[in-house]
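Please read the following explanation alongside the sequence and the coordinates. It moves from strand pairing to aromatic contacts and ends with the cysteines.

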Amino acid sequence: MLRFETINELMLKVTCTGHDVLFTKAGSFIAGESAGGKNYRFEKVLFGPQNSLGQAVLGSLVRRVTGENLPLMKVNLGGDSITYYADYGQHVVVYHLNAGETISVESENILAFTQDCDYSVRFIGVGVLSQKGLATSTLTARGKDAYVAVLSDGNPIVLSNVTSRSTISVDPDAVVCWIGNGPCDPQVTADVSWKTFIGQASGESYQFEWHQNLPVTVIVQPSERRGGIKIGMD
């Protein structure tokens, strides 16, 4: 059994009881300790974390086509141990998924997840509007022991309309991930007018929106990805 927790907001601590398997971003291991000899080892994931070879190969092809390629390593934990993971000083956010709950996240923001998560890539068709791709990675919990650790460029905020049923609106380039019962894909709203074409846009011409009938939790980082379409006229 695995348990995730954050240390100093910048590191992931994974406590293993017994034997288990962990998937992490390749090269993210920074330290570990175990009783007696070292009882964990690392191996590169050639195609993907799916259970069958066919699914793994197909998943690898989809990720390469969509730009959601995720360099993973598999950590085989052979007994009680504590290991630590980080990625260039980025903030780490841990989420414990309920059974059937899905987190949609950019592949670059994934630090680690347990083998109780089903990993896949799903097309969302909104990438023409921002630096986010046309697809997003999804992790769905099979049981009660599913953990995911995501990375944020800076200390993030968490927005939720699960109880309030309010409308959440965010900049797509600042979204780290969103969590709900199912994919919970957002609507895309665009505010493009004649001013946009003469270089007088506000700089916030499009947003992701989740309305009150779509309960979701959204994690947003205080930094925007560079890129996206810039419309203007000289």
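What follows is a walk through some features of this predicted model.

A convenient place to begin is an open sheet of four strands, whose order is 1-2-7-4 and whose pairing is antiparallel. At its edges lie strand 1 (2-7) and strand 4 (29-34), each of which pairs on one side only. From one strand to the next, the twist of this sheet averages 20°. The contact between strand 4 and strand 7 (residues 81-85) can be followed in further detail, since these two strands pair in the antiparallel sense over five bridges, and Ala31 is found opposite Tyr84 in strand 7.

From the backbone pairing we turn to the aromatic side chains. A pair of aromatic rings is described by two quantities, the distance of the centres and the angle of the planes. By this kind of account the structure holds 10 aromatic pairs. In one of them, Phe113 and Tyr119 have ring centres 6.0 Å apart and planes at 10°, and because an angle under 30 degrees counts as stacked, this pair is classed as stacked. Both partners, Phe113 and Tyr119, are buried.

A second pair, formed by Trp178 and Trp210, has a centre-to-centre distance of 5.6 Å and an angle of 55° between the planes, and is therefore tilted, as the angle falls neither under 30 degrees nor over 60. This pair links distant parts of the chain, with Trp178 in strand 16 (residues 175-180) and Trp210 in strand 18 (residues 206-210), 32 residues apart. Are these two tryptophans buried or exposed? Trp178 has a relative accessible area of 1% and Trp210 one of 0%; because buried means under 20%, both residues count as buried.

Ring pairs also link several residues into a cluster, which consists of Phe29, Tyr40, Phe42 and Tyr85. Read together with the sheet described above, Phe29 falls in the range given for strand 4 (29-34), while Tyr85 falls in the range given for strand 7 (residues 81-85).

The cysteines complete this account. A disulfide is a covalent bond between the sulfur atoms of two cysteines. How many disulfides does the structure hold? The structure holds zero disulfides, and no pair of cysteine sulfur atoms therefore lies within the 2.5 Å that the assignment requires. As for their surroundings, Cys117 has a relative accessible area of 6% and is therefore buried, given the limit of 20%, and Cys177, at 0% relative accessibility, likewise counts as buried.

Conventions
Residues are numbered from 1 along each chain as its sequence is written. This is a predicted model: local features need pLDDT of at least 70, side-chain atom pairs count only at pLDDT 80 or more; totals for chains, interfaces and linings use all residues. Side-chain values use heavy atoms; hydrogens and water are left out. Buried means under 20% relative accessible area, exposed over 50%, partly exposed in between (1.4 Å probe, protein chains only). Rings of Phe, Tyr and Trp (its six-membered ring) pair if their centres lie within 6.5 Å; planes under 30 degrees apart count as stacked, over 60 as edge-to-face and the rest as tilted. Two strands pair if DSSP finds at least two bridges between them. Axes are lines fitted to C-alpha atoms, for helices over the stretch in contact, and angles run from 0 to 180 degrees between N-to-C directions.
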